[in-house]
Amino acid sequence: MAGFLVDPADVQDDTLVLRREEAHHLARVRRHRQGEVVEVVDGAGNWYQVRIEHLDRDQVRAQILDRQQDRGESPVRLTLAAALVKGQRFDFLVEKATELGVAELVPLLTERGVVRPGSEHKTARWEHLARAALKQCGRSRLPLILAPAVLGEVVRSRVEEGQQVLLAVPTGGEELRRCLAVGQAERLILAVGPEGGFSPGEVAVARRLGAQIVSWGNRVLRSETAGMVLAALVLHEAEHTLGKGEQLEP
Ligand code: SAH
């Protein structure tokens, strides 16, 4: 069941208020009525089951019946560092990464991809897409969409933080599954290249800084397909390795 998104500031004790678009969506598009029970998330990890108490033109007040922390979230915090590619492909990836449960997205600046974020850097639009995807997929936390960053800097800082860093190349890398089984990290980051791939220099630097170079099967995937598929595999594998019941400290 697709839910609604509430501003955390609009949650008080046992009541919450949906405003503007969310109120409009609930009342006019989905045609809910007073007394009905719906699901609401705040994008910061809180899930609520609520009963609609009062509907106005641009405001809906609801009573909280039940609440859960981090419902629908993965026990692993996966950061997807995806090469910034032109056009709508990155939009697609933002939507799918949100559905899959990616915790953070880093638009990656790479030698063969977009090097300087100009009009391609559209955080507001990406956040809008993530919000829509969040409501649809039943998770409770919005992915953080970080500022575009250069590959080497990202690898360096994440290794320093003790995260497992995976860099995907079409051929010649270690088997992805094996790296995950060995690592069992609770925080990991996966870097995916642009259409032209990472340059040999980028791969060498990442390896030297401590990244594990990984590959998936025998076929070369498009950048956004790779982001989606590899994120799904990492989350699947890691959730099973860590066990679904375990939740991380936020
Ligand atoms: N011609 C490029 C292809 C790049 S595909 C090259 O030879 O590198 C775009 C990105 O998707 C790659 O940089 C890599 O990160 C990822 N990717 C594509 N297929 C993959 C595979 N089979 N395994 C792992 N990563 C892959």
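# Ligand site, pockets and cavities

Student: Which of the 18 residues around the ligand come nearest?

Tutor: This is a predicted model, in which local features need pLDDT of at least 70 and side-chain atom pairs count only at pLDDT 80 or more, while totals for chains, interfaces and linings use all residues. Residues are numbered from 1 along each chain as its sequence is written, and side-chain values use heavy atoms, with hydrogens and water left out. A residue is near the ligand if one of its heavy atoms lies within 4 Å of it. Of the 18 residues around the ligand, those that come nearest are A168, G193, W216, R219 and L221.

Student: How far is a nitrogen atom of the ligand from a polar backbone atom of R219?

Tutor: A polar contact is a pair of N or O atoms within 3.5 Å; within protein, one must be able to donate a hydrogen and the other to accept it, and residues adjacent in sequence count only if both atoms are side-chain atoms. A backbone N or O atom of V169 lies 3.3 Å from a ligand nitrogen, and for a polar backbone atom of L221 the distance to a ligand nitrogen is 2.9 Å. For R219, the distance is 2.8 Å.

Student: Which helix gives the largest share of the shell around the ligand?

Tutor: By class, this shell has eleven nonpolar residues (Ala, Val, Leu, Ile, Met, Phe, Trp, Tyr, Cys and Pro), two charged (Asp, Glu, Lys and Arg) and five polar (the others, Gly among them). Helices (H or I, at least four residues) and strands (E, at least two) are DSSP runs, numbered from the N terminus. The largest share, three residues, comes from residues 223-242, helix α7.

Student: Which element gives the largest share of the lining of the largest pocket?

Tutor: On a 1 Å grid over the protein atoms alone, a pocket is an open set of points with protein on both sides within 12 Å along at least five of seven lines, a cavity is a set where a 1.4 Å probe fits but cannot get out, and lining residues have an atom within 4 Å of a point. The largest pocket has 25 lining residues, with L5, E21, E22, R131 and K135 nearest its centre. Two or more residues each come from β3 (15-19), α1 (20-29) and α3 (123-137). The largest share, five residues, comes from α3.

Student: Which element gives the most to the lining of the second largest cavity?

Tutor: Twelve residues line the second largest cavity, and G3, E39, V41, K135 and G138 lie nearest its centre. Both β4 (37-41) and α3 give two or more residues to this lining. The most, three residues, come from β4.
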